[in-house]
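Open the model in a viewer and keep the selection tool at hand. Each stop below says what to select and what is found there.

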Amino acid sequence: MFLRRVARPLMMMAKVKETTGIVGLEVVPNAREVLIGLYTKTLEEIKAVPEDEGYRKAVESFTRHRLNVCQEEEDWEAIEKRLGCGQVEELIEEAQDELKLIGHMNEWKPWGIPDDYECEVIENDAPVPKHIPLHRPGPLPEEFYKTLEAVDTGTLKDAVSSSKKEDPEITSGEAQAK
């Protein structure tokens, strides 16, 4: 009798999450503590990345922000609301993935260029060697230039209506040959 009168209201005060509503994503009852641990570990691991790298700056910035929110808020709902990045369980998965990525980045070291790296420079009018692909797009269709001119002159509605009259509608499932 005593437990029903005292314990139940206390349990109702502590908001207990029953489900995430996401298939395969289980509720983490101590999500705040888990997040604080993951964010602290992330800030330690990211120190292996050079300080001037954009990746490190970005990871440190959002991780510090999220860690501060988790330390300031006690309730999982308040954390989710302040961060606005999903449920705490999703944040846990993101933090775990970020830790894996930091490990890969430290292994791959995509920053910096080796001193002995040589880059082939092609001047503006020099012929492009055959082993280098051309990345120049082909010419645009004539319709593009007509539409662009119509936009510039303010006659776009006229151009659209005239193009609809020129091209008959395809009524069957087969394309018509022009």
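The tour goes through the nonpolar cores and then the salt bridges of this predicted model.

**Stop 1: the main core**

Select Leu35, Tyr39 and Cys70. These residues have the most contacts inside the largest nonpolar core, which has 16 residues. Next, colour α2 (31–45), α3 (54–72), α4 (76–83) and α5 (88–108): each of these helices supplies at least two residues of the core. Which helix gives the largest share? That is α2, with six residues. As a general point, nonpolar side chains in soluble globular proteins tend to be buried together.

**Stop 2: around Tyr39**

Keep Tyr39 selected and show its surroundings, ignoring neighbours within four places in sequence. What is tyrosine 39 in contact with? The list is Thr63, Arg66, Leu67, Cys70, Leu91 and Ala95. Cys70 was already picked out at the previous stop, and Arg66 returns below as a salt-bridge partner.

**Stop 3: the second core**

Now select Ile46, Val49, Val59 and Ile102. They are among the seven residues of a second core, separate from the one above.

**Stop 4: Glu80 and Lys17**

Turn to the charged side chains; the structure holds nine salt bridges. Select glutamate 80 and lysine 17, whose side chains form one of them, at 2.9 Å from N to O. Glutamate 80 belongs to helix α4, while lysine 17 sits in the loop between α1 (2–13) and α2, so this bridge ties together parts 63 residues apart in sequence. Are the two residues buried or exposed? Both glutamate 80 and lysine 17 are buried.

**Stop 5: Glu94 and Arg66**

Select glutamate 94 and arginine 66. A salt bridge links their side chains, with an N to O distance of 3.1 Å. Because glutamate 94 is in helix α5 and arginine 66 in helix α3, the pair ties together parts that are 28 residues apart in sequence. The two ends are not classed alike: glutamate 94, at 37% relative accessibility, counts as partly exposed, whereas arginine 66, at 12%, counts as buried, the cut-off for buried being under 20%.

**Stop 6: Arg82, Glu73 and a network**

Select arginine 82 and glutamate 73, which form a salt bridge with their closest N and O atoms 3.0 Å apart. Arginine 82 has 41% relative accessibility and so counts as partly exposed. Finally, select Lys17, Glu80 and Glu89, which are joined into one network by salt bridges that share partners.

Technical notes: Residues are numbered from 1 along each chain as its sequence is written. This is a predicted model: local features need pLDDT of at least 70, side-chain atom pairs count only at pLDDT 80 or more; totals for chains, interfaces and linings use all residues. Side-chain values use heavy atoms; hydrogens and water are left out. A nonpolar core is a set of buried Ala, Val, Leu, Ile, Met, Phe, Trp, Tyr and Cys residues joined through side-chain atoms within 4.5 Å. Buried means under 20% relative accessible area, exposed over 50%, partly exposed in between (1.4 Å probe, protein chains only). Helices (H or I, at least four residues) and strands (E, at least two) are DSSP runs, numbered from the N terminus. Contact means heavy atoms within 4.5 Å. A salt bridge is a side-chain nitrogen of Lys or Arg within 4 Å of a carboxyl oxygen of Asp or Glu.
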